[in-house]
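Morning, everyone. I have one structure to walk through today, so please put it up on your screens.

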Amino acid sequence: MNKYEILKKYFGYDSFREGQEVLIDGILSGHDTLGIMPTGAGKSLCYQVPALMLDGITLVISPLISLMTDQVMALNQAGVHAAYINSSLTPNQTRLALMYAKEGRYKIIYVAPERLLLPEFIDFASSVNISMITVDEAHCISQWGQDFRPSYLKILDFINLLPKRPVVSAFTATATHEVKDDIINIMKLIDPCILVTGFDRKNLKFVVKKPKDKYAQVIDYINEHRNESGIIYCQTRKNVEEVCEKLCQDGINATRYHAGLSDTERKQNQEDFIYDTRPVMVATNAFGMGIDKSNVRYVIHYNMPKNIESYYQEAGRAGRDGLPSECILLYSGQDVATNQYMIDYVSENNELDYDTLKIIKERERNRLKKMTYYCFTNDCLRTYILRYFGENAENYCGNCSNCLTQYENEDVTEVAKGILICMKESKMRYGIAVILDTLRGSKSQKVLKYSLDKSSQYGKYQTMTIHKLRNIFNHLLVNDYVYQTDDEYQIAKISEKGRDFLDSDTESIIIKLPKEIEKVDTDKKAKKQTSKNSSNVSGAMSGMFEELRSLRKQIASEQQVPPYLIFADKTLIDMCDKVPHTKDEMLMVSGVGEKKYEKYGETFLKAIKEYEINNM
Ligand code: ADP
Ligand code: MG
């Protein structure tokens, strides 16, 4: 069988995605291969397809039990014989698995890096024909990454122990040069075929919101996306508990995950989420590594994370199946302060020396600033992220909250000067909230206590919304006219650039501001669009989709596998679109291979027919 036939027969797909063929061809021509592609791009297929074409066995080294379980279940569903060797097996089970493996029962074997050098495993590996070693999540080999695994360093020793060096392929979603070089050097890849694809995830829609009531925002969103699976990331354990409890009280099937829970509860909750028993997960950033659930339709950040790296990684857990999904960040000023606090105090108990710690903190503060500016910018959010990672991008994607908001240019020179004058007159002793209150003529305690009502700017912008004033201030901040002190008080100061601007008669500031009158309208439009986008099934078909989805759920619980491993959402949608009536037609559906057809094809054909009869 050639690679296209394998793709169709086992995986049910008609064509390869960007980059996949290059990597597969690299491996098949006997070259070591390194694939760097974003989450959800389809890295697994890049080694699974050649594994099925090579004579011998492919060993896949993977860092987490949950990842291995997921992949092995998926392969078995597709009719490929695969197994894993890791600490979840008893010694007896391991012996048995290795015995079957020796007999040639498995084409693909997943193994934890800690197991590689155990005598039992070396004995097995030297007595069979190993065609390829694949290192998944290969960034774990690098100390530069946040997921460094010392046991990954043993991989090279293991390879050197084998009677014949197999082809080595490595895959990761981490793109920094340091990590890439580490992978090549530490694993001693020989003249590798390297492919790096772009980091854009086109199916993800990026949204930033600054709601007064975050919880209200979340519950509204979930209610509009009932039946869909999503993750809500919170900054602290306490937040997780609160949000999860409220959601449950409001009738949402939510569960929770954070490092403070017992192992048993964490395991159970994670399973409930993966099996769609509880489709909404409220969690700290402790949750997610090793979650391959493909049908996560939204990731909401209840708090702003500490840097863009974390944000993109966490948000990127949405839409692995390539269907439209949303990444929503709910910003509030408090999030900045909390992150600041964590940088300043929490990392204190580190064993690093003073100077190193100082440099690290400085770096983290800078990253936090970039994260904060992401929430302030009125430009394309996707572009902002891609540029942060050093990729070129046009300043328009059409699929983020900024590109979807109508803006108009406005000359705000006078207001900007008003803000600066007010800061200057008050000797730059206050935070921005107090300054803006002064401009709006507030009678708040602080304004009166500090006699800011005597300022020449007091009440000058009484009629302007706080939202708009904030926008203008943020522009000054992002463009370095002002800065904030790094302590918890975040006192606003005028920079040199700001002083020059204040003195200049000619310099003006023109910024993009959301059109205020139309705001409500666009919000509504956006809502309509998203609800259509996310389910992606038009009205007439959505009944059938629901029917098929509940059939899938039923089969999944009978077989004890996650629903998305039976058929992906995308496959069900394609079924609703193509409405197959025969085996041949069913095999045309993306994601239905021969093996899957044998298992489930007829059941689903029958359900489609029944649905049609009942709804004629
Ligand atoms: P990664 O490891 O790169 O994050 P996965 O290998 O888990 O991504 O694949 C993500 C999803 O994409 C899976 O559901 C997989 O079945 C699907 N996929 C992979 N290759 C293709 C393809 N050529 N056509 C359609 N879907 C694909
Ligand atoms: Mg993967």
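**Two sheets and a ligand**

Let's start with a pair of strands. S1, residues 33–36, and S7 pair in parallel through 4 bridges. Look at Gly 35: its bridge partner in S7 is Leu 195. Keep in mind that this is a predicted model.

Now, helix H8, residues 177–186. H8 packs on the sheet and touches S1, S6 and S7. Its direction makes about 160° with that of S1.

Step back to the whole sheet. In what order do its strands run? The order is S3-S4-S2-S5-S6-S1-S7. That is an open sheet of 7 strands, with parallel pairing. Strand S3, 82–85, and strand S7, 193–196, stand at the edges. Each has a single partner strand, so one side of each has no neighbour in the sheet. On average, neighbouring strands are turned by 15° against each other, direction ignored.

A second helix to find here is H3, residues 43–53. H3 lies across S1, S2, S4, S5 and S6. Against S6, H3 runs at about 160°.

Hold on to H3, as we turn to ligand 1. Which element gives the most to the shell around ligand 1? It is H3, with 3 residues. There are 14 residues around the ligand, and Tyr 13, Gly 40, Lys 43, Ser 44 and Arg 320 come nearest. By type, the shell divides into 5 nonpolar, 6 polar and 3 charged residues.

Now some distances, each to an oxygen atom of ligand 1. From Tyr 13, a polar side-chain atom lies 2.7 Å away. From Ser 44, a polar side-chain atom lies 2.6 Å away. Gly 42 uses its backbone: an N or O atom there lies 3.1 Å away. How much of ligand 1 does the protein bury? Alone, the ligand exposes 570 Å², and the protein buries 83% of that.

On to the other sheet. This one is open too, with 6 strands and parallel pairing. Its order is S8-S13-S12-S9-S11-S10. The edge strands are S8, 204–209, and S10, 254–257, and each pairs on one side only. From one strand to the next, the twist averages 15°.

At the S10 edge, 4 bridges join S10 to S11, residues 280–283, and the two run parallel. Ala 254 stands opposite Val 280 in S11.

Last element: helix H9, residues 214–224. H9 lies across S8, S9, S11, S12 and S13. Relative to S13, H9 runs at about 170°.

That's my tour. Thanks.

Terms used: Residues are numbered from 1 along each chain as its sequence is written. Chains are lettered from A and ligands numbered from 1 in the order in which they are written. This is a predicted model: local features need pLDDT of at least 70, side-chain atom pairs count only at pLDDT 80 or more; totals for chains, interfaces and linings use all residues. Side-chain values use heavy atoms; hydrogens and water are left out. Two strands pair if DSSP finds at least two bridges between them. Axes are lines fitted to C-alpha atoms, for helices over the stretch in contact, and angles run from 0 to 180 degrees between N-to-C directions. Contact means heavy atoms within 4.5 Å. A residue is near a molecule or strand if one of its heavy atoms lies within 4 Å of it. A polar contact is a pair of N or O atoms within 3.5 Å; within protein, one must be able to donate a hydrogen and the other to accept it, and residues adjacent in sequence count only if both atoms are side-chain atoms. Accessible areas come from the Shrake-Rupley method with a 1.4 Å probe; for residues, only the protein chains shown count as cover. Ala, Val, Leu, Ile, Met, Phe, Trp, Tyr, Cys and Pro count as nonpolar, Asp, Glu, Lys and Arg as charged, and the others, Gly among them, as polar.
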